[in-house]
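Biologist: Let us go through this model one question at a time. Please bring it up on the screen.

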Amino acid sequence: MSANPEVVVDGFPRRRPHWIEVVTSADHKDVGRVMIGAALGFLFIALVEFLLMRLQLAIPDNSLLTPVTFNRMLSLYGATAIFLFALPLCLGLYYYLAPLQVGARGTALPRVGQLGLWLYLAGATVLYAGFLFTPSEAGVNPLAPLSELAFLSNNGVDAWAVSSGLATLGFVLIAINLVATLRRMRAPGMAWRRVPVFAWAAAVSSWLLIVVGTVMLAAITMLLIDRNFDGIFFADGSGGAPLLWAHMSWIFYTGTYMLILITALAAIAEIVPVFARKPLFNRNAVTGSLLAIAVIGTLAWMQNMLTAPIGIGWMYFAMIMSLALIVPFGLIVFNLIATMIGGTLRMRAPLLFAAGAVSMISIGLGAEISHSMVAVAWRLHNTTDATAATHFALVGGAVFGGFAALHYWFPKLTGRTMGEFLGRASFWTLVAGMLLTFVPLFISGGDHGQVADAYKYFSGTGVSTENLIASIGAFVLAIGIILTLVNAIASLGNGGRAGHDHWGGNSLEWFALSPPEPHNFDVLPDVRSDRPMRDIREAVAHRSRRAAKEAARESQPVA
Amino acid sequence: MAPHSPGTDQIDTLLWIGFVAAAIVIVAINGALIYALRRYRSERGDEPRQIRGGRGTQLRVGAVLTGFAAIVLVLSLIFTDKAREIPTTGSAGLAAAKSAPLKIETTGQQWLWRYDYPNGAFSYYKLVVPVDTTVELDLISTDVIHTWDVPELAPKRDAVPGKTNHVVFRADEEGTFDGQSATFSGQAYAAMRTEVDVVSPAEYEAFVKQQKADIQAAQDRVVGLIEKGEVP
């Protein structure tokens, strides 16, 4: 420890209303908080869009929504769920927590991060400025040439492109700041081998986003040039190539898929050791696997193009990359379960959601194994079977994993705890909702070949029962999500007060106050292991035991 | 859904292998997870032993996972390769397609499939092919990306503007098979269906001949009307 005196500030007097302070602040905690809050708000909106689509698909030949309305809901749902919910939730958590976890007093480029938040919010505003734009009708991934001017001539696709472009640019900026912060501002002794798994995942995800996000930005720019300035990047026949959009966008979407799973698994790898009161079974295997998922997983982007006119060699390449993912994903799950074994598991909401996330992700990725087999993809590609697999993996990651992180870090973010009863109720409702919604879709897609993204299905195709159950399940799922959102809002003002170290955590964010001061830490410990907070607790306990012993000795009469 | 072509037969087998692989993964993970959560649940209790796993365990687990992935990979390679084999026309098939597959140009357009037969006839929505005959569809698109998908007969393939994709199949029995386009293509995507009628070679010959004659008659009638000035 340095002997230099430290300036300790005990709160600044506020000059402006609190909410203005928060939304105009460049502090990583304020930016992260706004991002997490906005992301959860957009989760609700995405849910409404999903429910409307499921209502339309509840019975065959339904005409509740017109095809155009359905396609708008589909496009809005895809953009909202990925660009406005899942990615900002992951990045918001990283941005809030990773600097705290590595013992940094702020971020390296705070204004860059703040700009990132504002670009994301600007993107969200553009997407939902419905009174100026008609929503996109081009689907979840607006594949060229459908997204070209010749086929969708209203400004919906432009709105989609501008909004996802702004948001993606914002995410890349935040990723750049995270990379710089984690590289340069770690506390003394916080070597990479001691960095908490979640902060490591923040670095991995940031690099991943810098790569795939810029690819997407390029693709979106090209699409905008095509649509507005007579470009021919994705137009066939004049030197352009429709498949170019497919390649570039799938690189981004596949990278995003991996990023969501990396974030969820890393958060779970923080939660499980704390609630089992054991160290992570093998830290190096987990961190190495997270990195491997980012690299290998993104290289498997052509798994989405197994029916396209590309060479069989590329298809085999995609399959090898996808199947290679079995090893890192399997190792992480093995280490999580091995951490539980022999521990004393406190079954609280964070652990419950973490276990649920592992379970849901395992169902999704298990199904993805068959989808990555080339000939199976020739049957199941773009069926509701694929929808179900993707949703098990990504809802498992972003919703179950996100809620696990929310319950776990809520005391740190707000100084209050989330209600345990509502947490449990939400969890079991969510599990029931997931199984009811997506298991029937596995069957209707796998057995009857029902196609994804279609605004209706016909009676007599044998999928009516499955779709009705799925629609009912979607409402159960919605209740589960709403319960946790209500829980979070109610706990903001009424939750039980939490101390600085509510769960007995291992990493340094629990050393700061709840919520942390603007400068994060008054003093910083020397980091000597990968569980610095545990070291601090033990040192404090040791010191107070010794003090008690010495006090007892001093009170003895002199012999 | 029963396979009715050599290729889809292989796909069906691989589908089951994939299902088994997925089931193994899902049951193993969830079983272990539920066991660990039930067995080691305790609200209080002493701090457990702070065990960390060594590199050896990780290598062994990694080897098992690699082995599993390798088995899945090899099986998929084998069956995918078999599914790609081009079958030859059987004895009950069309005589003209004995040496080379019967080529039918298939065009996806919003939101209809058009089939162009070798003799110049064409049909919309409904494709008629002879039984036990190797049929090759040359898939193209005139607007956006579509996917031709008749799961009982053939692997699904994209029709991409500017590129030609190929679907090969040999229907093993007469009947009608339904299909649906499987890539989101805009407003009437859900209604972009198709139907394959598998008939005997004689019926096929009669169909394309009749179709060609009908088209010619319709054209003649339109030309006649234009010449008479009844159609501007």
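Modeller: What radius of gyration does chain B have, beside a compact globule of 232 residues?

Biologist: The radius of gyration is taken over C-alpha atoms, and the globule rule is 2.2 Å times the number of residues to the power 0.38. For 232 residues the rule gives a value near 17 Å. Chain B, however, has 27 Å.

Modeller: What kind of model is this?

Biologist: Residues are numbered from 1 along each chain as its sequence is written, while chains are lettered from A and ligands numbered from 1 in the order in which they are written. Local features need pLDDT of at least 70, side-chain atom pairs count only at pLDDT 80 or more, totals for chains, interfaces and linings use all residues, and the model is predicted.

Modeller: What box does the C-alpha trace of chain B span along its principal axes?

Biologist: Start with burial: a residue is buried if 20 or more other C-beta atoms, placed from the backbone, lie within 10 Å of its own, exposed if 12 or fewer, and partly exposed in between. By that count, 38% of the 232 residues of chain B are buried. Its trace spans about 100 × 45 × 30 Å.

Modeller: How far apart are the C-alpha centres of the two domains of chain B?

Biologist: Domain bounds come from an automatic or database domain assignment. Domain 1 takes residues 6-41 + 51-84 of chain B, and domain 2 takes 95-228. Their C-alpha centres are separated by 39 Å.

Modeller: Which helix gives the largest share of the side of domain 1 of chain B that touches domain 2 of chain B?

Biologist: Two residues are in contact if their C-beta atoms, placed from the backbone, lie within 7 Å. Here 5 residues of domain 1 of chain B meet 7 residues of domain 2 of chain B. On the domain 1 side, 4 residues come from one helix of chain B, residues 6-39, named α1.

Modeller: In what order do the elements of chain B run from the N terminus?

Biologist: Helices (H or I, at least four residues) and strands (E, at least two) are DSSP runs, numbered from the N terminus. Chain B comes to 3 helices and 10 strands. The order is α-α-β-β-β-β-β-β-β-β-β-β-α.

Modeller: Which residue stands opposite B:V129?

Biologist: Strand β4 of chain B, residues 126-130, has 4 of its 5 residues buried. Two strands pair if DSSP finds at least two bridges between them. β4(B) pairs with strand β10 of chain B, residues 193-199, in the parallel sense over 5 bridges. Opposite B:V129, in β10(B), stands B:V198.

Modeller: Now chain A. What is its radius of gyration?

Biologist: Chain A has 16 helices and 0 strands. Of its 559 residues, 61% count as buried. A compact globule with 559 residues would have a radius of gyration near 24 Å, and chain A agrees, with 25 Å.

Modeller: How do the residues of the side of chain A that touches chain B divide?

Biologist: 67 residues of chain A are in contact with 67 residues of chain B. Elements of chain A that give two or more residues to this side include α3 (67-101), α7 (242-276) and α14 (420-448). Ala, Val, Leu, Ile, Met, Phe, Trp, Tyr, Cys and Pro count as nonpolar, Asp, Glu, Lys and Arg as charged, and the others, Gly among them, as polar. The side divides into 41 nonpolar, 17 polar and 9 charged.

Modeller: Where does the largest nonpolar core lie, relative to the domains of chain B?

Biologist: A nonpolar core is a set of buried Ala, Val, Leu, Ile, Met, Phe, Trp, Tyr and Cys residues joined through C-beta atoms within 7 Å. The largest one has 258 residues, and A:I262, A:I268 and A:A404 have the most contacts inside it. Its largest share, 24 residues, comes from α7(A). Domain 1 and domain 2 of chain B both give residues to this core, so its place is between them.

Modeller: Which loop holds A:P515?

Biologist: A cis peptide bond joins A:S514 and A:P515, with omega about -15°. The loop that holds A:P515 is in chain A, between α15 (464-494) and α16 (532-554).

Modeller: Is A:D61 buried or exposed?

Biologist: A:D61 is not a glycine, yet its phi is positive, about 55°. This residue sits in the loop between α2 (28-56) and α3 of chain A. With 11 C-beta neighbours inside 10 Å, A:D61 counts as exposed.
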